[in-house]
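Hello,

Here is the structure we talked about handing over. Please open it alongside this note; what was found follows below.

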Amino acid sequence: METIQVLSTRRFTDDLLDQIREVSTRLRVTQQTCHDAAEVAAALAAHSDVEILYTFDLPQNALDLAPHLRWVQLHSAGVNHILDHPIMQRAAAIARDGAAARDVAVTTVSGIHATPIAEYVLASILAFRWRVPMWTQCQRESRWPSNRWGLYARPELRGSTLGILGYGSIGREVGRLGKAFGMRVLALRRSPGHAKEGYAVDRTGDPGGEIPARFFSPDELHEMLPECDFVVISLPLTPETEHFVGEAELRAMKPSAYLVNIARGPIVDEQALIRALHEGWIAGAGLDVFEREPLPDDSPLWAIENALLSPHVAGFTPRYDERAVAVFAENLHRYLSGEPLLNLVDKARGY
């Protein structure tokens, strides 16, 4: 049978590479570690017979460098970094030119981040509820605070309302943990029905979408927000979701509400959020992502006491590559047998 050329531009261990090779004897797997799109381009030029590419970066001329390329498996959950790539424009080209345009499937590792990011979300919420930054400050100052009841007798998570914007793999795991804390869960999703078929860590999430007390459409966002004590953003970044949460949305939230963004910075209008935190439209925010990264030294967010900041680390886990290879191996099985791929990107929608 014909050999299929697979190129990985990530640095996987030998054990993980063996898991990929064990999928089929038809696969010839080559690894060439790359750190940016230019290095990926050089790797493709050296391996022009590649049919399947595992990568994060994707050079603009990938289709020219790899004329046999049929499928790109990304090392990320999002595709916002390649939205303007010619591969992402192929759906329109095929509709226009038919067979003259070559389509290349794009898949992601969506689902592998659900466990660490959901844990991060709950850590941020609990840090806000229990004033953890004040704990550490008092400890550094060797200070036993006065008025401890007033400082720490804050509303419990049990009985509060957790609003999740984006009910994909991350949102569903956040919902599961929220329910375990006794929270009422509301969820916003762009389309009714079950989520598209994607990878999920065993026994995580809410596969049937049974946890939320109610689902809201994007048009109903302003109806949803005033009900929420905590709002978690887990939407993909697309042209439609840029500044999805702006001044009007922040003003619609409760003054006691806490916002957590673990998705992408530009989904929130950062200047409006800074005003919201300064002026008390909301009580606080936990931010792992920002409109500019690294967050500039002169950003007002650094000095805002009711903002809890982290340097885009919510998805970090020592099991990242292990789970990424699990997604890739499953998709290789599906590719070889002609089955639908997991986490297949809808190029028309950009996610």
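**Overall make-up**

The chain has twelve helices and twelve strands. Its radius of gyration is 22 Å, close to the 20 Å from the globule rule for 351 residues, so the chain is as compact as a globular protein of that length. The C-alpha trace spans about 75 × 45 × 40 Å along its principal axes. Keep in mind that this is a predicted model.

**The five-stranded sheet**

One sheet is open and has five strands. The strand order is 2-1-3-4-5, and the pairing is parallel. Strand 2 (27–31) and strand 5 (105–107) are at the edges. Each has a single partner strand, so one side of each lacks a neighbour in the sheet. From one strand to the next, the twist averages 15 degrees.

Inside the sheet, strand 3 (residues 52–55) runs parallel to strand 4 (residues 71–74), and four bridges join them. Ile52 stands opposite Trp71 of strand 4.

Helix 12 packs on this sheet. It touches strand 1 (4–8), strand 2, strand 3, strand 4 and strand 5. The direction of helix 12 makes about 160 degrees with that of strand 4.

**Helix 1 on helix 12**

Helix 12 (residues 320–337) also packs with helix 1 (residues 14–21). The angle is about 15 degrees, and the axes are 9 Å apart. With roughly parallel meaning under 35 degrees, that angle makes helix 1 roughly parallel to helix 12. The crossing is right-handed.

Helix 1 contributes Leu16, Gln19 and Ile20 to the contact. Helix 12 contributes Asp321, Glu322, Val325, Phe328 and Leu332. By type, the contact residues are five nonpolar, one polar and two charged.

**Helix 5 on helix 8**

A second helix pair is worth a look. The axes of helix 5 (residues 114–129) and helix 8 (residues 169–180) come within 9 Å and cross at roughly 50 degrees. The two helices are therefore oblique to each other. This crossing, too, is right-handed.

On helix 5, the contact is made by Ala114, Ile117, Ala118, Glu119, Val121 and Leu122. On helix 8, the contact residues are Ser169, Ile170, Glu173, Val174 and Leu177. They divide into eight nonpolar, one polar and two charged.

Best regards

Terms used: Residues numbered from 1 in each chain as written. Predicted model: local features only at pLDDT ≥ 70, side-chain atom pairs only at ≥ 80, totals over all residues. Heavy atoms only, no water. Axes fitted to C-alpha atoms, helices over the stretch in contact; angles between N-to-C directions. Parallel < 35°, antiparallel > 145°, perpendicular 65-115°, else oblique. Left-handed = near helix turned anticlockwise from the far one by under 90°. Contact = heavy atoms within 4.5 Å. Nonpolar A, V, L, I, M, F, W, Y, C, P; charged D, E, K, R; others polar. Pairing = 2+ DSSP bridges. Rg over C-alpha atoms; globule rule 2.2 N^0.38 Å.
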